[in-house]
Amino acid sequence: MSLENEIIGVDHLGILTGDLKRDVAWYEEKLGFEKIQQRIVVMNGRTEIALLKKENLVLELVEPAGRLKDEAAHLSNGKWDHFAMEAPELEREAALAKEKGLKVHLSTPEGLTFYEHLGEKGMRGINFYGPGGEVLEFCRDEALAYHGKSGLTGWSHLALKVENMESTENFYGKMGFRTISRGYLSTPEGDIQIHYLEKAGFVIEVLEMIGSGLEELRQRKEGRLDHIALRVRNAREAFDEARKSGFSMRNHTIQELPLLEKGIRFFFVSGPDGEKVEFVEKI
């Protein structure tokens with residue numbers, strides 16, 4: 001079976017933290033996530049993991065030990081730039097977030113922002129700081145009919161900043177992602193091209209950086225948003241197909257962890273810009 005057919009959809013977004021207790025409480029109290037599981041596993045030493053869920057969005061918060069914990073506490077933005085949650089009643093959700101103490105991120109200094117060149121009728125959004133400095137967006141697509149939906153309704157998209165759009169589309173195309181929309185963001189240095197790639201309802205927002213933004217991107221290392229995990233039918237089959245596709249493998253063998261009911265099998269690859277992608281099978 002091809003890698004495209006092995007992938008069922010998105011599984012979770014992995015976030016590194018130096019203070020798991022703080023972050024779990026923040027996502028529960030500020031955004032209404034529910035904890036699925038929390039446990040200690042052996043992975044690069046003692047590692048504590050918490051799985052949180054809101055609608056179709058699952059966060060895997062990972063607190064390593066020792067030196068790695070200290071490093072996690074000081075991480076900033078990586079190639080995975082921010083994650084966006086759908087907010088049909090955007091103004092209301094933004095106001096509630098501010099009441100709960102969320103701080104508006106410097107990337108949207110005026111608060112609610114209209115992106116006229118994204119989507120069919122434009123998109124509106126506002127970015128906030130997460131508990132460890134990660135960036136999260138509340139987003140509304142003006143072309144969508146939300147049919148009375150309210151609150152934060154799960155995934156909108158995951159944003160990835162890249163150097164070359166063609167390389168990124170080719171890489172994710174091997175997994176079955178297809179470009180469903182194109183737009184741009186105007187800046188004093190020119191237009192940042194933005195493509196939306198979709199697979200099984202999950203969307204990656206790819207931004208091809210230019211000018212000073214490109215130079216800043218080249219300085220970024222692995223960030224607090226550590227990886228995106230895609231669910232597969234069979235990890236061993238997916239592993240073989242990823243190797244055949246010429247992917248840069250971060251694991252030489254299939255890994256296992258005692259998470260969820262019966263455990264998981266997984267492995268990681270690197271994307272064109274070094275971003276981490278996990279393939280995971282629930283046992």
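This passage walks through the strand layout, one arginine's contacts and the aromatic pairs of a predicted model.

Start with the open sheet. Eight strands make it up, lined up as E6-E7-E8-E5-E9-E12-E11-E10, and the pairing is mixed. The edges go to strand E6 (113-115) and strand E10 (178-187); each has a single partner strand, so one side of each is left without a neighbour in the sheet. Direction ignored, neighbouring strands here are turned by 30° against each other on average. In general, strands of a sheet pair through backbone hydrogen bonds, either parallel or antiparallel.

Inside this sheet, strand E5 (residues 80-86) and strand E9 (residues 155-162) run antiparallel and are joined by 5 bridges. One position to look at in that pairing is Ala84, which stands opposite His157 in E9. Helix H5 (residues 165-173) lies across both of these strands, and also across E10, strand E11 (190-199) and strand E12 (202-208). Relative to E11, the helix runs at about 5°.

Strand E1 (residues 7-16) has its own set of partners. With strand E13 (residues 225-232) it shares 7 bridges, and the two run antiparallel; Ile7, for instance, stands opposite Val232 in E13. With strand E4 (residues 57-63) the count is 4 bridges, and this time the strands run parallel. Gly14 belongs to that pairing, with Glu60 as its bridge partner in E4. As for exposure, E1 is mostly covered, with 8 of its 10 residues buried.

Back in the open sheet, Arg124 is worth a stop. This residue is found in strand E7 (residues 123-129), and its side chain makes polar contacts with two glutamates. The one to the side chain of Glu91 comes out at 2.3 Å, while the one to the side chain of Glu142 is 2.6 Å. Both glutamates turn up again in the list of residues that Arg124 touches, leaving aside anything up to four places away in sequence. The rest of that list reads Leu90, Thr113, Phe114, Phe138, Cys139 and Arg140.

Then there are the rings. The structure holds 11 aromatic pairs. Trp155 and Phe202 make one of them, edge-to-face, at 5.1 Å centre to centre and with 70° between the planes. This pair links distant parts of the chain: Trp155 sits in strand E9 and Phe202 in strand E12, 47 residues apart. Trp155 and Phe202 are both buried.

Phe202 has another ring partner in Phe177. Their centres are 6.4 Å apart and their planes at 75°, so this pair is edge-to-face as well. Again distant parts of the chain are linked, since Phe177 lies in the loop between H5 and E10, 25 residues from Phe202 in strand E12. Phe177 is buried, and so is Phe202. Zooming out, Trp155, Phe177 and Phe202 belong to one aromatic cluster, whose other members are Phe171, Tyr172 and Phe247.

One more ring has a charge for company: the charged end of Lys276 sits over the ring of Phe268, 5.3 Å from its centre.

Technical notes. Residues numbered from 1 in each chain as written. Predicted model: local features only at pLDDT ≥ 70, side-chain atom pairs only at ≥ 80, totals over all residues. Heavy atoms only, no water. Pairing = 2+ DSSP bridges. Axes fitted to C-alpha atoms, helices over the stretch in contact; angles between N-to-C directions. Contact = heavy atoms within 4.5 Å. Polar contact = N/O pair within 3.5 Å; in protein donor to acceptor, adjacent residues only side chain to side chain. Phe/Tyr/Trp six-rings, centres within 6.5 Å; stacked < 30°, edge-to-face > 60°. Buried < 20%, exposed > 50% of the residue type's maximum accessible area, 1.4 Å probe, protein only. Lys NZ or Arg CZ within 6 Å of the ring centre and 35° of its normal.
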